[in-house]
Amino acid sequence: MSLTYNLTGIFFRLFNRQLTMEKGARIDPRAFVARGGTVHIGENSIVRAGTMLLPSSGRIHIGKRTSLNQYVVINGEGGVKIGDDVMIAAFTSIFAANHRSDRVDVPMRQQGMYSKGGIVIEDDVWIGTHCAILDGVTIGHGSIIAAGAVVNRDVPPFSIVGGVPGKVIGTRT
Ligand SMILES: CC(C)(COP(=O)(O)OP(=O)(O)OC[C@H]1O[C@@H](n2cnc3c(N)ncnc32)[C@H](O)[C@@H]1OP(=O)(O)O)[C@@H](O)C(=O)NCCC(=O)NCCS
């Protein structure tokens, strides 16, 4: 298995010079890394099957010992920085940009994108399955994001956040 992961890493980097991987970082052959911006995967982190890393013109930075489980989608247009020891469960989406919608005389798909400054997920965060993390948000270290949450505001360290929109429903301290 690890030979397959190693060969996949070499293959991905051959075709994408803007992908960098530290020692022990692994990508499942059924994952996808788009070209455009830059993607960095830290030491001993893992990107599992079906996950899509889409930097657009931005940057996706993944720290050390972090796991992105199946079918996670990350759009890095405004920049996405994920820390160390982060766990992201299957089917979670992280979108660091929005479509412009200021004008009503032009279709939104022709108005381009904007970012409020990207997304930061600090160290030791656990994000449950089917969450949406929206642009401009910082998730403080040690936090838990409950399954199905839509996070559109900053999350204080060691919080437990759940719901739509995400609210603090508990604390770990
Ligand atoms: C957040 C979580 C860890 C809390 O687990 P727990 O400590 O056992 O919490 P409980 O089930 O006792 O619920 C505590 C409270 O949080 C609420 N809550 C739990 N999960 C919630 C969710 N996903 N969204 C909103 N509220 C939630 C409960 O309704 C309860 O509220 P109440 O006290 O008003 O009744 C868990 O519910 C969760 O979402 N886990 C993620 C699972 C997952 O995605 N696993 C993938 C593995 S990689």
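Thr38 stands opposite Arg59 in strand S7, a convenient place to enter this structure. Residue numbers start from 1 along each chain, following the sequence as written. The model is predicted, and local features need pLDDT of at least 70, side-chain atom pairs count only at pLDDT 80 or more, and totals for chains, interfaces and linings use all residues. Helices (H or I, at least four residues) and strands (E, at least two) are DSSP runs, numbered from the N terminus. Two strands are said to pair if DSSP finds at least two bridges between them.

The strand that holds Thr38 has partners to introduce. S4 and S7 run parallel and are joined by four bridges. S1 also runs parallel to S4, with three bridges joining the two; within this pairing, Met21 has Ile41 as its bridge partner in S4. The side chains of S4 alternate: Val39 and Ile41 are buried and point to one face, while Thr38 and His40 point to the other and are not buried. Here a residue is buried if 20 or more other C-beta atoms lie within 10 Å of its own, exposed if 12 or fewer, and partly exposed in between, with C-beta atoms placed from the backbone.

What does the protein chain look like as a whole? Its secondary structure comes to one helix and 22 strands. The C-alpha trace spans about 50 × 45 × 20 Å along its principal axes. The radius of gyration of the chain is 16 Å, which agrees with the value near 16 Å for a compact globule, because the chain has 173 residues. This radius is taken over C-alpha atoms, and the globule rule is 2.2 Å times the number of residues to the power 0.38. Of the 173 residues, 34% count as buried. Two residues are in contact if their C-beta atoms, placed from the backbone, lie within 7 Å; among contacts between residues at least 6 apart in sequence, 15% join residues at least 24 apart.

The interior can be followed through its nonpolar core, meaning a set of buried Ala, Val, Leu, Ile, Met, Phe, Trp, Tyr and Cys residues joined through C-beta atoms within 7 Å. The largest such core has 38 residues, of which Ile74, Val80, Ile119, Ile139, Ile145 and Val151 touch the most other members. Strands S1 (19–21), S4 (38–41), S6 (52–54), S7 (59–62), S10, S15 (119–121) and S19 are the elements that give two or more residues to this core. Beyond its neighbours within four places in sequence, Val80 is in contact with Ile60, Ile74, Ile94, Ala96, Gly118 and Ile119.

Gly83 lies in the loop between strand S10 (80–82) and strand S11 (87–88). Is Gly83 buried or exposed? Gly83 counts as buried because it has 20 C-beta neighbours inside 10 Å. Leaving out residues up to four places away in sequence, Gly83 touches Gly63, Ile121, Glu122 and Asp123. Ile62 is 21 residues from Gly83 in sequence, with 6.2 Å between their C-alpha atoms. Thr4, by contrast, belongs to helix H1 (residues 2–15) and counts as exposed because it has 11 C-beta neighbours inside 10 Å. From Thr4 to Thr138 there are 134 residues in sequence and 34 Å in space, C-alpha to C-alpha.

Another set of strands makes an open sheet of eight, with mixed pairing, in the order S2-S5-S8-S11-S16-S19-S21-S22. Its edge strands, S2 (26–27) and S22 (167–171), each pair on one side only. S19 (residues 144–145) and S21 (residues 159–162) run parallel and are joined by two bridges. Ile144 stands opposite Ile160 in S21, and Ile145 has Val161 as its bridge partner there. S21 has a covered face, made of Ser159 and Val161, and an uncovered face, made of Ile160 and Gly162.

S21 and S22 pair in the antiparallel sense over four bridges, one pair of bridge partners being Gly162 and Lys167 in S22. The two strands form a hairpin with four residues between them, and Gly163 in the turn has a positive phi of about 100°.

Gly162 leads on to the ligand. Which residues come nearest to the ligand? Of the 13 residues around the ligand, those are Ala89, Gly128, Thr129, Ala146 and Gly162. A residue is near a molecule or strand if its C-beta atom, placed from the backbone, lies within 6 Å of it. The shell divides into seven nonpolar, six polar and no charged residues, where Ala, Val, Leu, Ile, Met, Phe, Trp, Tyr, Cys and Pro count as nonpolar, Asp, Glu, Lys and Arg as charged, and the others, Gly among them, as polar.
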